[in-house]
Every structure is written in structure tokens, then in C-alpha cells.
Amino acid sequence: MDGNLSLIPSIRMKREGMTQTEQRVVDWLLDSSKFNRHSSLSSVAEGLNVSEPLIVKVAKLLGFSGFRELRKQLTNSMETHQLETVELSAQDSPKDLVDKVFNVSLQTITEGLAIVDSEKISQAASCFFHAKVRDLYAAGGSNTICDDIAHKFLRIGIRCNTYRDIHLMMMSASLLTPDDVILVVSHSGKTTDLLKVVNEAKKKGAKIICITHSDISPIAMLSDFVICTPAPDTPLLGKNASARILQLILVDAFFVAVAQQNLTLSEINLEKTFESTNYFRQK
């Protein structure tokens, strides 16, 4: 893992446990249009209208000895990997827009690779494969990720239950046992309804796999396995759009890791399900 490249997504994850004022400081520091190697402690404090000791506190919360070390490492990471804040402009040409979308996606994927924990994905895959019941929970746009997961696993003979209604989720969660597993997808990791369902599953002893942006988000704190997607929030595509790209890629990695648990059976079932839809491909 590239420690320099993983720095920024690591900071995004640590941001989750901070106060609103501290988060505002972090957002400023991650904005290359505002923060660079020439920024002084006093200029940052003045720009944010906060005290200098608060900024030093944030630096230490992020794991640095102080402001100077934070500035050195963070700006070095920004410059080395050419990270920049992407903004839309009325003057953007069609090519500019396409380039910006691709650049955000490439940055998201590169950062995701730097921060991913392959061993944790492997452990989660083993748990998922051996479970008796597999429930998939999400809300809003994250439901599309669960649909993708259910489709992928059905192709290799692993059945999952997906629910879009919170009442059905809660009913299912109440029937889970220690032999079962849930996989919950939540970018924020703090959706109230999902928290209630995850708590219910936890009470029943089910194992919990979570795909979320931070390993210290509320849902992540309840989970046995956390797959992090600390994608940048950007005005270009909206709060969760870049995260969705990373989620889909990590789901693919998770899928392959599960299939590997019994590769022969996975290949047999993949052939069966492929052949079963031959009728729809005939002209």
C-alpha cells in the first residue's frame, strides 16, 4: 500500500469522529485551492475564523505531531498525486466535462486501492460463503449496490435476500441466528433505519459485513468486517456518486473472494445459470 497515497482517504475516515468545527478544518486542509505548503498556521486560522490551538488539535487527532508535520505530509501527497478540487464551470466544454468525470473516477479508484484491506475482504468472504442465511440491507441509492450483489452471487449459486422496505428488513433481522450474516451498504454509515436493523441483527448474533466510507461510522462500529470506501465528496457528481464507483469495484473484489472459497462449484453454477438464459439470447 502506498502510504503517501493512502494518507488523504485515511484523513477522510478519521474526519467522521470529529466535531462539526473540526470537520470544517479538515475540509479546508483537504482543499488544494486553499491549503498548500506555503500556508501558515495563522493564515489557516484566520481563513477559518478559528483559533490556532484548534488547528493544532485537529492535526494531532489526525495522527500528526503538529501543524508543520501535517502540512509537510499532506501537501506532499497532494502534489505527488496531483489531487485537486474539481469544480463545474459554465465555460466547460463537453470534453472538459468528460475529462473531469474520468479524473474524479480515476482518483477514487486509485485512492481506494491504496486503502483497501485485502485480508479483511478475504475474512468477510469466508464468513459470507459459509453462512446459512445472507441478508442484504441498504437505503436509497445504495439499494442498487445490493441488487448488483444479489445478481452476482445468484450466478454462482449463492442466494441472498434483498429488502427495500424497512419493516421487511426488521422482520428478517429478528429471525437471524449466529449462523447467518448480513451485508449492509451505507455510504454515510449513520442512516437511522439501517442502524436499527443492524442493531437487531447484532442482538441475534448474526455476523455483520459493512460497506461504508469510514471505519468509525456508527454502522461500522457495530460490524464484524468493514470494507471502507473513503471516496472524495465532490460538487461535480454529488456526495455519493464517486463512492458508488468504488463500492462496485470492491463488491467485485468481494465476489471473486467468495467464489474462490469453492472455485469448482462456482464455475459449475456459473455455467448452469448462463445456460439457463440461452433462450433469451436466441434470435
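Two strands count as paired here if DSSP finds at least two bridges between them. Keep that in mind as you open this predicted model and follow the stops below.

**The whole chain**

Start with everything shown as a cartoon. The chain holds 14 helices and five strands, and its C-alpha trace spans about 65 × 50 × 35 Å along the principal axes. Of the 283 residues, 45% count as buried. Among contacts in the chain with a separation of 6 or more, 73% are between residues 24 or more positions apart.

**The sheet**

Now colour the strands. They form an open sheet of five strands in the order 2-1-3-4-5, with parallel pairing. Strand 2 (161-162) and strand 5 stand at the edges with a single partner strand each, so one side of each has no neighbour in the sheet.

**Strand 4 and its neighbours**

Select residues 207-212, which make up strand 4. Is this strand mostly covered or mostly open? Mostly covered: five of its six residues are buried. On one side, strand 3 (residues 181-185) runs parallel to strand 4 and is joined to it by five bridges. Show V185 and I211 as sticks, and you will find V185 standing opposite I211 in strand 4. To get from strand 3 to strand 4 the chain passes through helix 10 (residues 192-203), and this β-α-β crossover is right-handed.

Next, add residues 225-228, strand 5, which runs parallel to strand 4 and is joined to it by four bridges. I209 has F225 as its bridge partner in strand 5, and I211 stands opposite I227.

**Strand 5, face by face**

Stay with strand 5 and show its side chains. In a regular strand, side chains alternate between the two faces of the sheet. Which residues of strand 5 are on each side? F225 and I227 are on one side, V226 and C228 are on the other, and all of them are buried, so both faces of the strand are covered.

**The other edge**

Move across to strand 1 (residues 134-138), which pairs with strand 2 in the parallel sense over two bridges. Pick out D135 here: its bridge partner in strand 2 is N161.

**Helices across the sheet**

Select residues 118-130 for helix 7, which lies across strand 1, strand 3, strand 4 and strand 5. Helix 7 runs at about 130° to strand 5. Then select residues 143-155: this is helix 8, lying across strand 1, strand 2 and strand 3 and running at about 155° to strand 1.

**Helix 9 against helix 10**

Show helix 9 (residues 166-174) together with helix 10; their axes come within 8 Å and cross at roughly 15°. The two helices are therefore roughly parallel to each other, and their crossing is right-handed. Which residues meet here? From helix 9 come I166, M169, M170, A173 and S174, and from helix 10 come D193, L194, K196, V197, E200 and A201.

**Last stop: A139**

Finally, centre the view on A139, in the loop between strand 1 and helix 8. Is A139 buried, partly exposed or exposed? With a relative accessible area of 33%, A139 is partly exposed, because that class lies between the cut-offs of 20% and 50%. Leaving aside residues up to four places away in sequence, A139 touches V185, T191 and L194. You have already visited V185 opposite I211 and L194 among the helix 10 residues that meet helix 9. To finish, draw a line from the C-alpha atom of A139 to that of K152: these two residues are 13 residues apart along the chain, and the atoms are separated by 19 Å.

Note on methods
Residues are numbered from 1 along each chain as its sequence is written. This is a predicted model: local features need pLDDT of at least 70, side-chain atom pairs count only at pLDDT 80 or more; totals for chains, interfaces and linings use all residues. Side-chain values use heavy atoms; hydrogens and water are left out. Buried means under 20% relative accessible area, exposed over 50%, partly exposed in between (1.4 Å probe, protein chains only). A crossover is right-handed if, with the strands pointing away from the viewer, the path from the first strand over the helix to the second runs clockwise. Axes are lines fitted to C-alpha atoms, for helices over the stretch in contact, and angles run from 0 to 180 degrees between N-to-C directions. Angles under 35 degrees count as roughly parallel, over 145 as roughly antiparallel, 65 to 115 as roughly perpendicular and the rest as oblique. A crossing is left-handed if the near helix is turned anticlockwise from the far one by less than a right angle, and right-handed if clockwise. Contact means heavy atoms within 4.5 Å.
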